[in-house]
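User: I am new to this structure and would love a friendly tour. Could you show it to me, please?

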Amino acid sequence: MKKILSVLTVVTMTIVAANAQSISKNALGLRLGDNDGFGGEVSYQRAVSDNNRLEFDLGWRDSNNVDAFKLVGLYQWVMPIEGLFNWYVGAGAGIGSFDSPGGDGAFALVAGDIGIECNFDFPLLLSLDIRPELGFNDDYSDDLDLDIALGIRYQF
């Protein structure tokens, strides 16, 4: 029985690896959403294997009520759907700083990520994802925020 399970596992892993669509080595662009008013983020993705990557997003906010920035890093698992489409899940954390009339300070957060992307034959990557973020600071971000965003990135 163990030999049969081992053979089935190897065959399944081979099929998955053969059908895996490799992701680009680098992608740079914008992630446009609205998480606590941060709006747009500069986004960079770096492949670490054929179906895993790191994503770093730098968001900033400059308004009458608060000036802030946040940096989020995620590890993502990318899986092909069909044709040009992939879906992905990820987990990570971030830090940030804010300056408001009520005071200033820093905050930390943990984040998840799930989304779908279209990886065109030319160097354009479009994605739509949702990122739940749990912040740790009583003055600025101490609750669960859902960030839905559209990503537009150049692949190289």
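User: Thanks! Which residue forms a salt bridge with K70?

Analyst: A salt bridge here is a side-chain nitrogen of Lys or Arg within 4 Å of a carboxyl oxygen of Asp or Glu. In this predicted model, local features need pLDDT of at least 70 and side-chain atom pairs count only at pLDDT 80 or more, while totals for chains, interfaces and linings use all residues. Residues are numbered from 1 along each chain as its sequence is written, and side-chain values use heavy atoms, leaving out hydrogens and water. The closest N and O atoms of the pair are 2.9 Å apart, and the partner of K70 is E133.

User: Where do K70 and E133 sit, and how many residues apart are they?

Analyst: Strands (E, at least two residues) are DSSP runs, as are helices (H or I, at least four), and they are numbered from the N terminus. Both K70 and E133 are buried, where buried means under 20% relative accessible area, exposed over 50%, and partly exposed in between (1.4 Å probe, protein chains only). K70 is in strand β4 (residues 67-82) and E133 in strand β7, so this salt bridge links distant parts of the chain. Their separation is 63 residues.

User: Which other residue forms a salt bridge with E133, at 3.4 Å?

Analyst: E133 has a relative accessibility of 4%, so E133 counts as buried. The partner is buried too, with a relative accessible area of 0%. With the closest N and O atoms 3.4 Å apart, the residue is R131.

User: How many residues apart in sequence are the parts tied together by D129 and R31?

Analyst: The side chains of D129 and R31 meet in a salt bridge, 2.7 Å from N to O. D129 lies in strand β7 (residues 124-136) and R31 in strand β1 (residues 26-33), so the pair ties together parts that are separated by 98 residues.

User: Are D129 and R31 buried or exposed, and at what relative accessibility?

Analyst: D129 has 4% relative accessibility and so counts as buried. R31 has a relative accessible area of 1%, so R31 is likewise buried.

User: How many salt bridges does the structure hold?

Analyst: Side chains of opposite charge can pair when their charged atoms come close. Here a network of salt bridges links R31, E41, E55, D57, K70, D129, R131, E133, D147 and R153. For the structure, the number of salt bridges is 11.

User: Which side chain makes a polar contact with S43?

Analyst: S43 lies in strand β2 (residues 40-47), and its relative accessibility is 0%, so S43 counts as buried. A polar contact is a pair of N or O atoms within 3.5 Å; within protein, one must be able to donate a hydrogen and the other to accept it, and residues adjacent in sequence count only if both atoms are side-chain atoms. At 2.7 Å, the side chain joined to S43 is that of D57.

User: What is the length of the polar contact between R131 and D57?

Analyst: R131 has its place in strand β7. Contact means heavy atoms within 4.5 Å, and, not counting residues up to four places away in sequence, R131 touches residues including R31, E41, D57 and D147. For the polar contact between the side chains of R131 and D57, the distance is 2.4 Å.

User: Is L144 buried or exposed?

Analyst: L144 has its place in strand β8 (residues 144-155). Leaving aside neighbours within four places in sequence, L144 is in contact with P132, E133 and L134. Its relative accessibility is 54%, so L144 counts as exposed.

User: The structure holds 4 aromatic pairs; is the one of F98 and F107 stacked or tilted?

Analyst: Rings of Phe, Tyr and Trp (its six-membered ring) pair if their centres lie within 6.5 Å; planes under 30 degrees apart count as stacked, over 60 as edge-to-face and the rest as tilted. The centres of F98 and F107 are 6.5 Å apart and their planes are at 35°, so this pair is tilted.

User: Which residues make up the largest nonpolar core?

Analyst: A nonpolar core is a set of buried Ala, Val, Leu, Ile, Met, Phe, Trp, Tyr and Cys residues joined through side-chain atoms within 4.5 Å. The largest one has 8 residues: V66, A68, V72, L74, F98, F107, L109 and A111. At least two of these core residues are supplied by each of β4 and β6 (103-119).
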